[in-house]
Amino acid sequence: MGGQPYGAETLCLDTTKLAHVLDFDTRAGTVTVECGITWEQLIRFLHAKQERVTGSWGIRQKQTGADDLTLGGALSANIHGRGLSYAPFVQDIASLRVIQPAGQILHCSRESNAALFRLAIGGYGLFGFVTELTLRLRSRCYLRRHVQSISSAEVFPVFESLAAEGHEYGDYQFNVDENSSDFLRAGILATYCPTDATPHQVQRNLSDQEWLAFLELAHTNRKAGYEKYRAFYLSTDGQIYDSDLHAFGVYLSDYSRHLASRLRTSRLSTLMITELFVPMAAFPDFMATAAELLRKPGAPVIYGTVRTIEADRETFLPWARTRMACIIFNLQMIHEPAELGGAINKFRGLIELAIVCGGTYYLTYHRYATDQQLRTCYPEFDLWLKEKRERDPENKFANDWFRAVAHR
Ligand SMILES: Cc1cc2nc3c(=O)[nH]c(=O)nc-3n(C[C@H](O)[C@H](O)[C@H](O)COP(=O)(O)OP(=O)(O)OC[C@H]3O[C@@H](n4cnc5c(N)ncnc54)[C@H](O)[C@@H]3O)c2cc1C
């Protein structure tokens, strides 16, 4: 990640024991939790309290690609899921409690301590320690997955028309074979629409071993890897998912070790994520120029996906000021000095392309953006730093990312 969770020579707070549910208000459809609760723990609580799926309360959005993440982390990065007409996570938060640098505990919402509410959400822990938060829930239901192969140029018109037909979630996973003329230009669109049907008796889901096998192919033979993955996804067309669970999936945190042993190499490589946002009209052009950049040698694209986000008009440092296309690339990073430079150039190059298209980038994941890129994409950044200085003059809450960007 971008160095936000850690700070050299600081005390790192491990929140994982702060994992209790404090209140479940079934009339209001909200749940109040301690900050260290993970999505899995919250879901376990909600499902234990409510036997029926349809009509009970469930979560609105979570990250995809990883599940063992806390709600405090989700709030502090102002995350997003794959809703077709959802704003970032701030939209789902009713209130929070924050410990201030001098020890004062404040309750924040849109009505009280509203300025701190806007700063703490998406504030990467720099505006205080969030002890608990109240989350807005949605009516839980079953969703039918619809899968089709389409070109990148069609993605947003299709998203828009399916959203108008009632599809609530969706994403587009694009071709990562850099030797193909379809590289970043074709992909698999999966959308999810509420249904009265219940899950089939036998549904295809990726096992850990299958996930690893796809990951291995994506490193060794991206043409075959993409084709097999596409075939797998198309075979899941029509499957039914619980709305609470459809964004859960396989993620093996020690994948790089498994991969190194399967590929018989001692070189450690991991995937580094980067996320760019561009206006939807600019998306096809962005993908075309990104393809040129990403075809260059080094740091290949192993996986990538596209989603959509509504504007965040609430947080102090919004990453989505208007409705945007969200484009996520996972690049292979070989952790050796000679290899890193090429990857860093690609990360910076992608941000530059997004800026040219009138877009921006996500602060989470890495800190390779140049100072100019940071300030272009986040014009409020200096005001944000001023707020930080005024509220926490001694920098009691700090992390490596903040130190890197604040003192440039
Ligand atoms: C494989 C993978 C897939 C991902 N997919 C998505 C995605 O689909 N959408 C998306 O938006 N993001 C995604 N992310 C990014 C992820 O949402 C963020 O990195 C998130 O912050 C991780 O949560 P965490 O619990 O690990 O938090 P940490 O990484 O531990 O913390 C993140 C930040 O929050 C701060 N923080 C944590 N708890 C508190 C608290 N209680 N009070 C104050 N500050 C706190 C930390 O100091 C740090 O700055 C993904 C990450 C990975 C690794």
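**Exercise 1. Are Phe-232 and Tyr-233 buried or exposed?**

Solution. Begin with the ground rules. This is a predicted model, in which local features need pLDDT of at least 70, side-chain atom pairs count only at pLDDT 80 or more, and totals for chains, interfaces and linings use all residues. Residues are numbered from 1 along each chain as its sequence is written, and side-chain values use heavy atoms, with hydrogens and water left out.

Step 1. Fix the term. Buried means under 20% relative accessible area, exposed means over 50%, and partly exposed lies in between (1.4 Å probe, protein chains only).

Step 2. Apply it. Phe-232 is buried, and Tyr-233 is buried too.

**Exercise 2. Classify the ring pair of Tyr-192 and Tyr-241, then place it in the structure.**

Solution. Step 1. State the rule. Rings of Phe, Tyr and Trp (its six-membered ring) pair if their centres lie within 6.5 Å; planes under 30 degrees apart are stacked, over 60 edge-to-face, and the rest tilted. The whole structure holds 25 aromatic pairs.

Step 2. Check the geometry. The ring centres of Tyr-192 and Tyr-241 are 6.0 Å apart and the planes meet at 70°, so this pair is edge-to-face.

Step 3. Find the elements. Helices (H or I, at least four residues) and strands (E, at least two) are DSSP runs, numbered from the N terminus. Tyr-192 sits in strand β10 (residues 186-195) and Tyr-241 in strand β11 (residues 240-242), so the pair ties together parts that are 49 residues apart in sequence.

Step 4. Check burial. Tyr-192 is buried at 0% relative accessible area. Tyr-241 is buried at 10%.

Step 5. Try a second pair. Phe-232 and Tyr-233 have ring centres 6.0 Å apart and planes at 80°, so they are edge-to-face as well.

Step 6. Look for a group. Ring pairs link Tyr-124, Phe-127, Phe-381, Trp-384 and Trp-401 into a cluster.

**Exercise 3. Find lysines that lie over ring faces.**

Solution. Step 1. Use the test. NZ of Lys or CZ of Arg must be within 6 Å of the ring centre and within 35 degrees of the ring normal.

Step 2. Name two cases. Lys-62 lies over the face of Phe-248, 4.5 Å from the ring centre. Lys-388 lies over the face of Phe-402, at 5.3 Å.

**Exercise 4. Describe the open sheet of eight strands.**

Solution. Step 1. Define pairing. Two strands pair if DSSP finds at least two bridges between them.

Step 2. Give the order. The eight strands run β11-β8-β10-β9-β13-β14-β12-β15, with antiparallel pairing.

Step 3. Explain the edges. β11 and β15 (360-361) each have a single partner strand, so one side of each is left without a neighbour in the sheet.

Step 4. Zoom in. Strands β13 (residues 301-309) and β14 (residues 324-334) are antiparallel and joined by eight bridges. Val-301 stands opposite Leu-331 in β14.

Step 5. Add the helix. Helix α8 (residues 283-294) lies across β9 (169-174), β12 (269-278), β13 and β14, and runs at about 10° to β14. Such angles run from 0 to 180 degrees between N-to-C directions; axes are lines fitted to C-alpha atoms, for helices over the stretch in contact. Contact means heavy atoms within 4.5 Å.

**Exercise 5. Analyse the salt bridges of Asp-242 and Arg-230.**

Solution. Step 1. Set the cut-off. A salt bridge is a side-chain nitrogen of Lys or Arg within 4 Å of a carboxyl oxygen of Asp or Glu. The count is 24.

Step 2. Take Asp-242. Its salt bridge with Arg-140 has its closest N and O atoms 2.7 Å apart. Asp-242 lies in strand β11 and Arg-140 in the loop between β7 (138-139) and β8 (142-151), so the pair ties together parts that are 102 residues apart in sequence. Both Asp-242 and Arg-140 are buried.

Step 3. Take Arg-230. It forms a salt bridge with Glu-227, with the closest N and O atoms 3.2 Å apart. Both lie in helix α6 (residues 222-234), three residues apart, about one turn of the helix. Arg-230 is partly exposed at 25% relative accessibility. Glu-227 is partly exposed at 38%.

**Exercise 6. Describe the hairpin of β4 and β5.**

Solution. Step 1. Count the bridges. Five join β4 (residues 93-99) to β5 (residues 105-109), and the strands run antiparallel.

Step 2. Pick one bridge. Arg-97 has His-107 in β5 as its partner.

Step 3. Inspect the turn. Five residues lie between the strands, and Gly-103 in the turn has a positive phi of about 100°.
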